[in-house]
Amino acid sequence: MSGVREHRLEGLVDRIYGAVSDPACWGGVLQEVAEAANARGALMFAVTPVVQGFWSPSAEDLIDWALGDGSHLHNPRPDRAMRVGSGHAITESDLFSQEELERDPFNAEMIGRLGYRWEAGGVFGDIELNESGNGADGGSGRQ
């Protein structure tokens, strides 16, 4: 992974698990994720009965645009990502051909107005814990 700042990953996993129990921490934790990955920002959406989102402060411009001026545009990424299924790291190149990206109005606006160009992400499922707090496979549940 080019550009990943491995020295910044140390301790980050524990802070991620801490944010699970204190959602107010997600903004700061996602900022650390973005900085460790040498990325402009980091976002996470939980799809439960209600969609809930968290993002790094450095991604505020994207969120403001998506909920404001860009709200009329359909973002096809979540639908495509859900088709891949959980447990896979994916990039936009895994979801779309170059031609699709060039024709997509959401993509054109996101690049043109904000300068965001590349995207990576994943769909993650729930981790089932047993009564002792371990994962169903007997591990710690951290996957």
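How much area does the protein chain expose, and what share of it do carbon and sulfur atoms supply? The chain exposes about 9,600 Å², and carbon and sulfur atoms supply 54% of that area. Keep in mind as you browse these views that this is a predicted model.

**View 1. The whole chain, with its seven helices and four strands.** Start at the N terminus and walk along: the elements come in the order α-α-β-β-α-α-β-α-α-α-β. The chain has 143 residues, and 24% of them are buried. Now take the contacts between residues at least 6 apart in sequence: 51% of these join residues at least 24 apart.

**View 2. Helix 1 meets helix 2.** Here you're looking at helix 1, residues 12-21, and helix 2, residues 26-36. Their axes come within 9 Å and cross at roughly 155°. How do you describe a pair like that? Angles over 145 degrees count as roughly antiparallel, so helix 1 and helix 2 are roughly antiparallel to each other. As for handedness, helix 1 passes helix 2 in a left-handed crossing. To find the contact yourself, pick out L12, R15, I16, A19 and V20 on the helix 1 side. Their partners in helix 2 are W26, V29, E32, V33 and A36. Sort the residues of this contact by class and you get eight nonpolar, no polar and two charged.

**View 3. Helix 3 packs with helix 7.** This pair brings together residues 60-67, which form helix 3, and residues 105-114, which form helix 7. The axes lie 11 Å apart, and the packing angle is about 130°. Is this pair parallel or oblique? Helix 3 and helix 7 are oblique to each other, and their crossing is right-handed. From helix 3, the residues to spot are D61, L62 and W65. They meet F106, E109, M110, R113 and L114 in helix 7. This contact splits into five nonpolar, no polar and three charged residues.

**View 4. A close look at Q31 in helix 2.** We're back on helix 2, this time zooming in on one residue, Q31. Is Q31 buried or exposed? A residue counts as buried when its relative accessible area is under 20%, and Q31 has 17%, so Q31 is buried. What does Q31 touch once you leave out residues up to four places away in sequence? The answer is S56, P57 and S58.

**View 5. N38, a residue in the loop after helix 2.** Follow the chain out of helix 2 and you'll find N38 in the loop that leads to strand 1 (43-47). What's the phi of N38? It is positive, about 55°, although N38 is not a glycine. N38 has 45% relative accessibility, so this loop residue counts as partly exposed.

**View 6. P78 in helix 4, and V123 farther along the chain.** Helix 4 covers residues 77-84, and P78 is found there. With 45% relative accessibility, P78 counts as partly exposed. Where does V123 come in? P78 and V123 are 45 residues apart along the chain, and their C-alpha atoms are separated by 9.0 Å.

How values were computed:
Residues are numbered from 1 along each chain as its sequence is written. This is a predicted model: local features need pLDDT of at least 70, side-chain atom pairs count only at pLDDT 80 or more; totals for chains, interfaces and linings use all residues. Side-chain values use heavy atoms; hydrogens and water are left out. Axes are lines fitted to C-alpha atoms, for helices over the stretch in contact, and angles run from 0 to 180 degrees between N-to-C directions. Helices (H or I, at least four residues) and strands (E, at least two) are DSSP runs, numbered from the N terminus. Angles under 35 degrees count as roughly parallel, over 145 as roughly antiparallel, 65 to 115 as roughly perpendicular and the rest as oblique. A crossing is left-handed if the near helix is turned anticlockwise from the far one by less than a right angle, and right-handed if clockwise. Contact means heavy atoms within 4.5 Å. Ala, Val, Leu, Ile, Met, Phe, Trp, Tyr, Cys and Pro count as nonpolar, Asp, Glu, Lys and Arg as charged, and the others, Gly among them, as polar. Buried means under 20% relative accessible area, exposed over 50%, partly exposed in between (1.4 Å probe, protein chains only). Accessible areas come from the Shrake-Rupley method with a 1.4 Å probe; for residues, only the protein chains shown count as cover.
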